Amino acid sequence: METNIARSAARARMGTGLVVAVLLLPFGGYGLARAGAVPEGAPIVLGLLTVIAGFLLLPALCEERAPYRHSSSRLIARTLTGERSVDLDRITTVRLLTTFSYGGAHRTVVVRDIHGTRLGLTTDRSVGKLRRAIKKADANAARGAHVPRVSRAARAHLDPAPGRGLVVHTVLAFLLTTVSGSLYVSALIGLGGQ
């Protein structure tokens, strides 16, 4: 079991490292363009392609994909980086990740357990199991049991009355996405103009 957890964590780190390397690739391309190894416009084209790939891939690395399995205390799902298993009795953090596309906001509940395994929950069944696990942990808090840290936005999203309290989170997520994307593209263009 421990080797599977370690293997899963290593695959997750490798996937994240690959996405970060792709996002940094255009900056290396500028060095190659200045040395004359690649055409001058190549880093800008590469940068625009990587910004799209990076912002789409990075959030999707830990999202659950079918097929997935549930047990009484575990969520097991396939992700882009392989199979991940989260222990619902030993959750450390729960947060809400909001991304945007043409269809609107896409919400993923990201749960991390004591082993460091991170899984993005997107299905109603998985979110329901997580909701019950958090209620159970909150009830056991009176007896001194560990209580997971659940972000305010995640609590609002997991609330049975959906939509309450998510406006600020959605606005901040949208601003963070647009500002960071704009800064990345500005840095690429700024380097291209030198």
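Let's start at one residue and work outward: at 48% relative accessibility, D89 counts as partly exposed, because that class runs between the 20% cut-off for buried and the 50% cut-off for exposed. Please keep in mind as you look around that this is a predicted model.

D89 has a charged partner. K136 forms a salt bridge with D89, and their closest N and O atoms are 3.5 Å apart. This pair links distant parts of the chain, with K136 in helix 3 (residues 124–140) and D89 in the loop between strand 3 and strand 4 (91–101), 47 residues apart. K136 has a relative accessibility of 46%, so K136 counts as partly exposed too.

How many salt bridges does a search of the whole structure find? The search gives three, and the K136–D89 contact is one of them. Another brings together the side chains of D138 and R155, with 3.4 Å from N to O. D138 lies in helix 3 and R155 in helix 4 (residues 152–158), so this pair ties together parts that are 17 residues apart in sequence. D138 is partly exposed, with a relative accessible area of 33%, and R155, at 37% relative accessibility, also counts as partly exposed. Helix 3 thus appears in both of these pairs, through K136 and through D138.

The side chains of R74 and D87 also meet in a salt bridge, at 3.7 Å from N to O. Because R74 lies in strand 2 (residues 74–79) and D87 in strand 3 (residues 82–87), the pair ties together parts that are 13 residues apart in sequence. Are these two residues buried or exposed? Both R74 and D87 are buried, whereas K136 is partly exposed and so is D138.

Now step back to the overall layout. The protein has five helices and seven strands. If you read along the sequence, you meet them in the pattern α-α-β-β-β-β-β-β-α-β-α-α. Of the 194 residues in the protein, 37% are buried. Among the contacts with a separation of 6 or more, 53% come from residues 24 or more positions apart. The accessible surface comes to about 11,200 Å², and carbon and sulfur atoms account for 64% of that area.

Next comes a sheet to trace on screen. Strands of a sheet pair through backbone hydrogen bonds, either parallel or antiparallel. Here, four strands build an open sheet in the order 6-5-4-7, and the pairing is mixed. Strand 6 (118–121) and strand 7 (149–150) stand at the edges with a single partner strand each, so one side of each has no neighbour in the sheet. Strand 4 and strand 7 run parallel and are joined by two bridges; in one part of this pairing, T93 has R149 in strand 7 as its bridge partner. Helix 3, which carries K136, packs on the sheet and touches strand 4, strand 5 (104–113), strand 6 and strand 7. The direction of helix 3 makes about 145 degrees with that of strand 4.

On the other side of the pairing for strand 4 is strand 5, as the strand order shows. Strand 4 and strand 5 pair in the antiparallel sense over ten bridges. A hairpin joins these two strands through two residues, and S101 has G104 in strand 5 as its bridge partner.

The surface has a feature of its own to look at. Which residues form a nonpolar patch there? They are V167, V168, V171, L172, F174, L175, V179 and L183, with about 770 Å² of accessible area together. One of them, V171, is found in helix 5 (residues 167–192). V171 has a relative accessible area of 44%, so V171 is partly exposed.

Let's finish towards the start of the chain. G31 has its place in helix 1 (residues 2–35) and, at 41% relative accessibility, counts as partly exposed. The C-alpha atoms of G31 and P43 are separated by 9.2 Å, while the two residues are twelve residues apart along the chain.

Definitions and conventions
Residues numbered from 1 in each chain as written. Predicted model: local features only at pLDDT ≥ 70, side-chain atom pairs only at ≥ 80, totals over all residues. Heavy atoms only, no water. Salt bridge = Lys/Arg side-chain N within 4 Å of Asp/Glu carboxyl O. Buried < 20%, exposed > 50% of the residue type's maximum accessible area, 1.4 Å probe, protein only. Pairing = 2+ DSSP bridges. Contact = heavy atoms within 4.5 Å. Axes fitted to C-alpha atoms, helices over the stretch in contact; angles between N-to-C directions. Patch = residues over 30% accessible without salt bridge, like charges linked within 9 Å, V, L, I, M, F, W, Y side chains within 5 Å. Areas by Shrake-Rupley, 256 points an atom, 1.4 Å probe, with all protein chains shown as cover.
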